[in-house]
Amino acid sequence: QVQLEESGGGLVQAGGSLRVSCAASGSIFRINVMGWYRQAPGKQRELVAEFTSSGRTNYADAVKGRFTISRDNAENTVYLEMNNLKPEDTAVYYCNALIILRRDLFPTNYWGRGTQVTVSS
């Protein structure tokens, strides 16, 4: 059983900073992809930032230069440092990971429960 547990988030004023964390736990052989998505009210879930299977990072254009994704491979944890936050960043932020549970299995997609980030103007 694999779980993605998010922490952090909260309420911040525009221009402020927040950090969210996501730790994957369980019987994990390898994590191929891990990152963050967000979903604002009335909008589709969208990619924010991720580490690809090759170790590269992808960022949504809207957050480039403001958000930084980092990771601790030993702890199966990713972090998202969010700076210069804007009201339009308000959303539920979801951790996502493509995880291989065993060497002979295909990757499985997992989601966290989400953490609310609210940016006031």
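**Close-up 1. The residues around the largest pocket.** V2, Q3, L4, E5, E6, W111, G112, R113 and G114 line the largest pocket in this predicted model. Its volume comes to about 170 Å³. Sort the lining residues by character and you get three nonpolar, three polar and three charged. Which strand gives the most to this lining? That's strand β1, residues 3-8, which puts in four residues.

**Close-up 2. S21 and its neighbours.** Here we look at S21, which sits in strand β3, residues 18-25. Is S21 buried or exposed? With a relative accessibility of 12%, S21 counts as buried, because the cut-off for buried is under 20%. Leaving aside residues up to four places away in sequence, S21 touches E5, E6, S7, W36, V78 and Y79. Two of these names, E5 and E6, may ring a bell: both also turn up in the lining of the largest pocket.

**Close-up 3. R38 meets D89.** Side chains of opposite charge can pair when their charged atoms come close. Five salt bridges are found in this structure, and one of them joins the side chains of R38 and D89, at 2.9 Å from N to O. R38 belongs to strand β4 (residues 30-39), while D89 is in the loop between β8 (77-82) and β9 (91-100), so this pair ties together parts that are 51 residues apart in sequence. Both partners, R38 and D89, are buried.

**Close-up 4. R66 meets D89 too.** D89 shows up again here, with its side chain in a salt bridge to that of R66, at 2.7 Å from N to O. Where do the two partners sit? R66 is in the loop between β6 (57-59) and β7 (67-72), and D89 is in the loop between β8 and β9, so the link joins distant parts of the chain, 23 residues apart. R66 has a relative accessible area of 9%, so it counts as buried. For D89 the relative accessible area is 1%, so D89 is buried as well.

**Close-up 5. R102 with D104, and a network elsewhere.** The side chains of R102 and D104 form a salt bridge, 2.8 Å from N to O. How accessible is each partner? R102 is partly exposed, at 47% relative accessibility, whereas D104 has a relative accessible area of 55% and is exposed. Some salt bridges share partners, and these join R38, E46, R66 and D89 into one network.

Notes
Residues are numbered from 1 along each chain as its sequence is written. This is a predicted model: local features need pLDDT of at least 70, side-chain atom pairs count only at pLDDT 80 or more; totals for chains, interfaces and linings use all residues. Side-chain values use heavy atoms; hydrogens and water are left out. On a 1 Å grid over the protein atoms alone, a cavity is a set of points where a 1.4 Å probe fits but cannot get out, and a pocket is an open set with protein on both sides within 12 Å along at least five of seven lines; lining residues have an atom within 4 Å of a point. Grid points are joined across faces, edges and corners, and a volume is the space filled by probe spheres set on the points. Helices (H or I, at least four residues) and strands (E, at least two) are DSSP runs, numbered from the N terminus. Ala, Val, Leu, Ile, Met, Phe, Trp, Tyr, Cys and Pro count as nonpolar, Asp, Glu, Lys and Arg as charged, and the others, Gly among them, as polar. Buried means under 20% relative accessible area, exposed over 50%, partly exposed in between (1.4 Å probe, protein chains only). Contact means heavy atoms within 4.5 Å. A salt bridge is a side-chain nitrogen of Lys or Arg within 4 Å of a carboxyl oxygen of Asp or Glu.
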